[in-house]
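Reader: I'd like to go through this model with you, a few questions at a time. Could you put it up first?

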Amino acid sequence: MVIYVDLDGTLFDTNNQFEEPGNLTNKEFWRLANEGGFFENLPLLPWAKQLMAFLEDLGVEVRILTATGHKHDRVAQEKINSIKKNFPHFPISNIITLVSGKNKYMYAKEGDILIDDTQEVLENWEKAGGTPVVADKDVISNLVEKIAC
C-alpha cells in the first residue's frame, strides 16, 4: 500500500491566502499564486504535522502527489522547498509533481490511498481503483476508517 498526500488544501493552506478566496477563478488563482515565493511560504493547515506523524508511524510508503498548474519548474521547486522546510525528514524522491491534478488518477492502484481536498480528484482516483480519503479536520479518522475496511 502507498499513501499519496496532496499538498494544496491538504497539508498547506492555500484557500485563506487571498482576501476573497471563494471568488477567485482557477485562472485568477494561478495568476496570483505564480508570484514568486507563494508556494514556498504557505502556512500549514492545523492537522498537517499530526497527519504526517501518523503516516510515519503507520510504516507505509508515503508519497506527495501535487499539481503545479502548468509546466513551471519554479512552482515545483517552491513546493519541494516547502516540504523540506516543514517536513525535513521526508524523502524528496517521494515527491511527485504533475501539471494537472486531474491526472492524479494515473497513480491509483488497488490498495493505494489518496488524501486530497478536491472531490473530482478523489472520484477519479476511486474510479481508477484507488481508495480516496477526504482531507479536512477529520482527515486522520477518515483515513483510519478507510484502512480498517
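Reader: Let's start with Thr14: is it buried or exposed?

Author: This is a predicted model, where local features need pLDDT of at least 70, side-chain atom pairs count only at pLDDT 80 or more, and totals for chains, interfaces and linings use all residues. Residues are numbered from 1 along each chain as its sequence is written, and side-chain values use heavy atoms, with hydrogens and water left out. Buried means under 20% relative accessible area, exposed over 50%, and partly exposed in between (1.4 Å probe, protein chains only). Thr14 has a relative accessible area of 5%, so the word for it is buried.

Reader: Which residues does Thr14 touch, if we don't count those up to four places away in sequence?

Author: Thr14 sits in the loop between S1 and helix H1 (26–33); helices (H or I, at least four residues) and strands (E, at least two) are DSSP runs numbered from the N terminus. Contact here means heavy atoms within 4.5 Å. On that basis, its partners are Asp8, Gly9, Phe29, Phe38 and Leu42.

Reader: Asp8 turns up there, so which residue does Asp8 form a salt bridge with?

Author: A salt bridge needs a side-chain nitrogen of Lys or Arg within 4 Å of a carboxyl oxygen of Asp or Glu. For Asp8, the closest N and O atoms of the pair are 2.6 Å apart, and the partner is Lys79. The two come from distant parts of the chain, 71 residues apart: Asp8 from the loop between S1 and H1, Lys79 from helix H3 (residues 73–86). Both ends are buried, Asp8 as well as its partner, Lys79.

Reader: How many salt bridges does the structure hold, and which residues do shared partners join into one network?

Author: The structure has six salt bridges. In one of them, Arg63 meets Glu61 with the closest N and O atoms 2.8 Å apart. Bridges that share partners make one network, and its members are Asp6, Lys104 and Asp116.

Reader: How far apart in sequence are Lys104 and Asp6?

Author: Their side chains meet in a salt bridge at 2.8 Å, N to O. Lys104 belongs to the loop between S3 and S4, Asp6 to the loop between S1 and H1, and the separation is 98 residues. Lys104 counts as buried because its relative accessibility is 3%, and Asp6 is likewise buried, at 4%.

Reader: On to the sheet: which strands stand at its edges?

Author: Five strands make an open sheet, paired in parallel, in the order S3-S2-S1-S4-S5; two strands pair if DSSP finds at least two bridges between them. An edge strand has a single partner, so one side is left without a neighbour in the sheet, and that holds for S3 (95–98) and S5 (131–134).

Reader: What angle does helix H5 make with S5?

Author: Axes are lines fitted to C-alpha atoms, for helices over the stretch in contact, with angles from 0 to 180 degrees between N-to-C directions. H5 (residues 139–148) packs on the sheet, touching S1, strand S4 (113–116) and S5, and its angle with S5 is about 160 degrees.

Reader: And Phe54, how far is it from Ile140 in space?

Author: Phe54 is in helix H2 (residues 48–58), and it counts as partly exposed because its relative accessibility is 24%. Leaving aside neighbours within four places in sequence, it contacts Ile140, Leu143 and Val144. Phe54 and Ile140 are 86 residues apart in sequence, yet their C-alpha to C-alpha distance is 7.8 Å.
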